[in-house]
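Grab a pencil and work through these exercises with the sequence and the 3D view open. Try each task yourself before you read its solution.

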Amino acid sequence: MQKDRAVNVLGGQLHPCSVDPVTGYFRDGHCNTCAEDAGSHTVCAVMTAEFLAYSKYVGNDLSTPRPGLRFPGLKPGDQWCLCALRFLQAHDEGCAPKVQLESTHARALEVVARDILEQHKAE
């Protein structure tokens, strides 16, 4: 698999999203992506209790640890590379988490408009 160029939605170098817990399609701490990343794990989001409950409700439980998959489970405040479509869905439902724009891959813009990402910019 060939990684896409590491560019963020602002046009700069893609910053890390999280190494604790380690995130990303490539589990490299960045929201890097490639042609094989069908889910477009490109949005670096700051988890909230509301978003984690919503994600579990729609069938993607991100809060329960899965030791066999080396997944510790996420808690509010953790950063994670979300699928762009899941982020957009949460936005449409009114429960989108904050976004680290410098750590969100430019490919997210294929799914989510930049103004929507900017509405949820983390401080």
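**Exercise 1. Find the accessible surface of the protein and the share of carbon and sulfur atoms in it.**

Solution. Step one: the accessible surface comes to about 6500 Å². Areas here come from the Shrake-Rupley method with a 1.4 Å probe, and for residues only the protein chains shown count as cover. Step two: carbon and sulfur atoms hold 51% of that surface.

Before you go on, a word on the model: it's a predicted one, where local features need pLDDT of at least 70 and side-chain atom pairs count only at pLDDT 80 or more, while totals for chains, interfaces and linings use all residues. Residues are numbered from 1 along each chain as its sequence is written, and side-chain values use heavy atoms, with hydrogens and water left out.

**Exercise 2. Work out the order of the elements and say how compact the protein is.**

Solution. Step one: count three helices and three strands. Helices (H or I, at least four residues) and strands (E, at least two) are DSSP runs, numbered from the N terminus. Step two: read them off from the N terminus, and you get β-α-β-α-β-α. Step three: the radius of gyration is 13 Å, close to the 14 Å from the globule rule for 123 residues, so the protein is as compact as a globular protein of that length. (That radius is taken over C-alpha atoms, and the rule is 2.2 Å times the number of residues to the power 0.38.) Step four: along its principal axes, the C-alpha trace spans about 35 × 30 × 25 Å.

**Exercise 3. Find how much of the protein is buried, and what share of its contacts links residues 24 or more positions apart.**

Solution. Step one: buried residues make up 46% of the 123 residues. Buried means under 20% relative accessible area, exposed means over 50%, and partly exposed is in between (1.4 Å probe, protein chains only). Step two: take the contacts (heavy atoms within 4.5 Å) with a separation of 6 or more, and 66% of them come from residues 24 or more positions apart.

**Exercise 4. Sort the residues of helix H2 into buried and exposed, and explain the pattern.**

Solution. Step one: in H2 (residues 84–93), the buried residues are Ala84, Phe87, Leu88, Ala90 and His91. Step two: they sit on the same side of H2, because they cover an arc of only 160° around the axis. The arc is that of the directions from the helix axis to the C-beta atoms. Step three: flip to the other side of H2, where Leu85, Asp92 and Glu93 are exposed. Step four: the cover over the buried residues of H2 includes strand S1 (41–46), helix H1 (49–57), strand S2 (79–83), strand S3 (98–99) and helix H3 (114–119). Step five: Gly94 follows H2, and its phi is positive, near 85°.

**Exercise 5. Do the sorting again for H1.**

Solution. Step one: Phe51, Leu52, Tyr54 and Ser55 are the buried residues of H1. Step two: these cover an arc of only 160° around the axis, which puts them on the same side of H1. Step three: Ala49, Glu50 and Tyr57 are exposed on the other side of H1. Step four: the buried residues of H1 pack against S2 and H2. Step five: just after H1, look for Gly59, which has a positive phi of about 100°.

**Exercise 6. Place Cys95 and list what it touches.**

Solution. Step one: Cys95 is in the loop between H2 and S3. Step two: its relative accessibility is 5%, so Cys95 counts as buried. Step three: leaving out residues up to four places away in sequence, Cys95 touches Glu50, Phe51, Tyr54 and Ala90. Step four: C-alpha to C-alpha, Thr48 and Cys95 are 9.0 Å apart in space, and 47 residues apart in sequence.

**Exercise 7. Which non-glycine residue in the loop between H1 and S2 has a positive phi?**

Solution. Step one: search the loop between H1 and S2, and you'll find Arg70 there. Step two: check the phi of Arg70, which is positive, near 55°. Step three: Arg70 counts as exposed because its relative accessibility is 78%.
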